[in-house]
Amino acid sequence: MPKELKYADEASKKMVLKANEENLETVWDRYEKMQPQCGFGLMGICCKICSMGPCRIDPFGEGPRTGICGANADTIAARNLIRMIAGGAAAHSDHGRDIAHALLMAAQNPSSDYTIKDEEKLKAIAGIYHIQTENRDTREIALDLARAALNEFGQQEGTLVMAERAPEARVKRWKELGIMPRAIDREIVEIMHRTHMGVDTDYRNLIRQGLRACLGDGWGGSMIATELSDILFGTPNPIRGESNLGVLDKDKVNLIVHGHEPTLSDIIAYVCQDEKLIKKAKDKGAAGIQLAGICCTANEILMRHGIPVAGNFLQQELAILTGAVDLMLVDVQCIMPGLSSLSNCFHTKLVTTSPKAKMPGVEHIEFHEDHAVKIATTIIEQAIENFSKRDGKRVVIPKETKGLVAGFTSESVFNFLGGKYRASYRPLNDAVIAGRLRGAAGVIGCSNPNMEYEEGHIKMVLELIKNDTLVVTTGCNAISCAKHGLLQPENAFKYAGEGLQEICRAVGIPPVLHVGSCVDNSRILTTLTHVVTEGGLGNDISDLPVAGAAPEWMSEKAVSIGFYFVASGVYTIICRPLAVMGSKNLHDYLTDGIEKEVGGKWAFELDPVKAAHMMLDHIDRKRKALKLKPLMYEQAYKPKDI
Ligand code: NFS
Ligand code: SF4
């Protein structure tokens, strides 16, 4: 049956119809063909980590209750789950390593294409690593910082310096539990060791190691990626931009960057403005060069340069279906292999750039940081070259675009709230304490064809802001919010509760704050820490009236993120459950028992509005524990008697 999107933005709906008409396959068709999906996999109880297997556990009937080695459902599900954490933490952290490497190059080589854009932040982060900053040359400081950051990946002694930024009570708890990460890579390696056949079989002990590894992601690899990107490419400030497929221009050379790392896309953003290249494009009959992004690399260059976002994860194929993309360059992560055959149906040139991510039959122009500008120029020239091959008759660019404001960070919210000379989270904390604001929520993460596209994201965010809960967003959720007008302050105000409207007006922020890409979820961790430090809302992140969600999660990175929020003390909800339903013990531990240990826990709820209500209930529980004043305004969702 041809797919029709019911809830998504109009541009996506149109492109899916176009795919149907032209008989071109998309992720939704492949999803349909895959039904019914394997129940053992969905429940987390199949194992193929050794060749006595594959084994699968029968959770209900008369079938086997253990694998051939004797591993039960708890062990198998926990092993599978923390291997997902290892994958996610590895992806984020390897990204962080590349950024640290780029900083090292900028520090070592004065003629590098990378420079230090934010010296203030360089000094602030150097301070965290106890690096001397006074009377020292910027490049010397950067060199020490790059080495210190790189050391966090492989050190053999001590624990992560970045993780010490968490509130004192939190760090103490991690140390007591034995989950303070030692080194970013080490914790990932230890997951792989412990989940090898015949090592750790205690599901709680396995999850402990998962927690330690994901903390090495959130408070390590991802945080290094964010902070060092700010130093190299500039710390974002609120900026206007445009979103959705309508940002493509039928008269211009359309170049899309898709993937995650800003090392290449940030350079492309500059080189695209080169007069010589623009002239080359014009000589080919184009009106100019239109750069746009997909997925998190889009968020990176949107936050820093206001480059338009063409779409999120589920729109990567839809962009190609416009017939107007002259070149799509990809680096790493969330790039569908299906792009390769789809781009062959159009003139679109697909180019891989990372030695870590090649595709058979797809042109590979390898990116090296030491020739960044040169390689960026080559790629843009190829896009220009390919423009002349575009078949005008096949071009359908949906007209939909939505304006947005992005570029919030833990620093910019700080400055905003306190005014230039009195940077402070005080007004935010006071608003929560006084009951003007119910609390705050992070709504983040992917989109997934296993849910009605964007319904989870949008319904949840709307329900939260309607109930006086400030929303911070990253990743593909942020792009969905953008396309639905929720990153337009004027628009979002319309949906926000009275209390949230008041506080947003008073401090000059919108009710939904776009804080960046998925590695930038680390900005949420630092923001939560600042809120704790500001005082009046307890002494740990787990005391705060906050909650997190990834309604349409898909990737292993989302699993790692969810776990590091739980491990940091945050109640975290997703719609489709983690693959743990085949192990009652593991399920109960993650959704209940774990809270006593780390202060946060998981919850699963398919209905995004109900899920939002569960977040609000949790926020109310935390308000009650803190003995905060009753909420100032009547709420659409009535506080339960908790
Ligand atoms: Ni995050 Fe960004 Fe999107 Fe999910 Fe993929 S792009 S890193 S993983 S799909 S939010
Ligand atoms: Fe089966 Fe055990 Fe081997 Fe897993 S480790 S495949 S459960 S025998």
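A polar contact here is a pair of N or O atoms within 3.5 Å; within protein, one must be able to donate a hydrogen and the other to accept it. The model on screen is predicted.

**Ser424.** Select Ser424, in the loop between helix H16 (410–418) and helix H17 (426–434). Its side chain reaches the backbone nitrogen of Arg426 at 2.7 Å. Show the surface as well: Ser424 is buried, with a relative accessible area of 6%.

**The nickel site.** Go next to the loop that joins strand E13 (512–514) to helix H22 (521–534), and pick Cys518 there. The SG atom of Cys518 lies 2.3 Å from the nickel atom of ligand 1 and is the only protein donor to that metal. Display the four donor atoms around the nickel: they subtend angles of 91 to 163 degrees, which makes the arrangement irregular.

**Helix H1.** Now select residues 10–21, the 12 residues of helix H1. From first C-alpha to last, H1 reaches 17 Å, close to the 16 Å expected at 1.5 Å a residue. Start at the N-terminal end, which Asp9 caps: one of its side-chain oxygens is 3.0 Å from the backbone nitrogen of Ala11. After H1 comes Asn23, with a positive phi near 60 degrees.

Colour the buried residues of H1, namely Ala11, Ser12, Met15, Val16, Lys18 and Ala19. Looking down the axis of H1, these buried residues fall within an arc of 155 degrees, so they line one face of the helix. To see what covers them, add the surroundings, including helix H2 (27–33), helix H13 (316–321) and helix H19 (475–483).

Notes: Residues are numbered from 1 along each chain as its sequence is written. Chains are lettered from A and ligands numbered from 1 in the order in which they are written. This is a predicted model: local features need pLDDT of at least 70, side-chain atom pairs count only at pLDDT 80 or more; totals for chains, interfaces and linings use all residues. Side-chain values use heavy atoms; hydrogens and water are left out. Donors are N, O and S atoms within 2.8 Å of the metal (3.2 Å for Na, K and Ca); water is not among the atoms, so sites may look incomplete. Four donors count as tetrahedral if all angles lie between 85 and 135 degrees; four count as square planar and six as octahedral if opposite donors are over 155 degrees apart and all others between 65 and 115; anything else is irregular. Helices (H or I, at least four residues) and strands (E, at least two) are DSSP runs, numbered from the N terminus. Buried means under 20% relative accessible area, exposed over 50%, partly exposed in between (1.4 Å probe, protein chains only). The expected span of a helix is 1.5 Å times one less than its number of residues. The arc is that of the directions from the helix axis to the C-beta atoms. Contact means heavy atoms within 4.5 Å.
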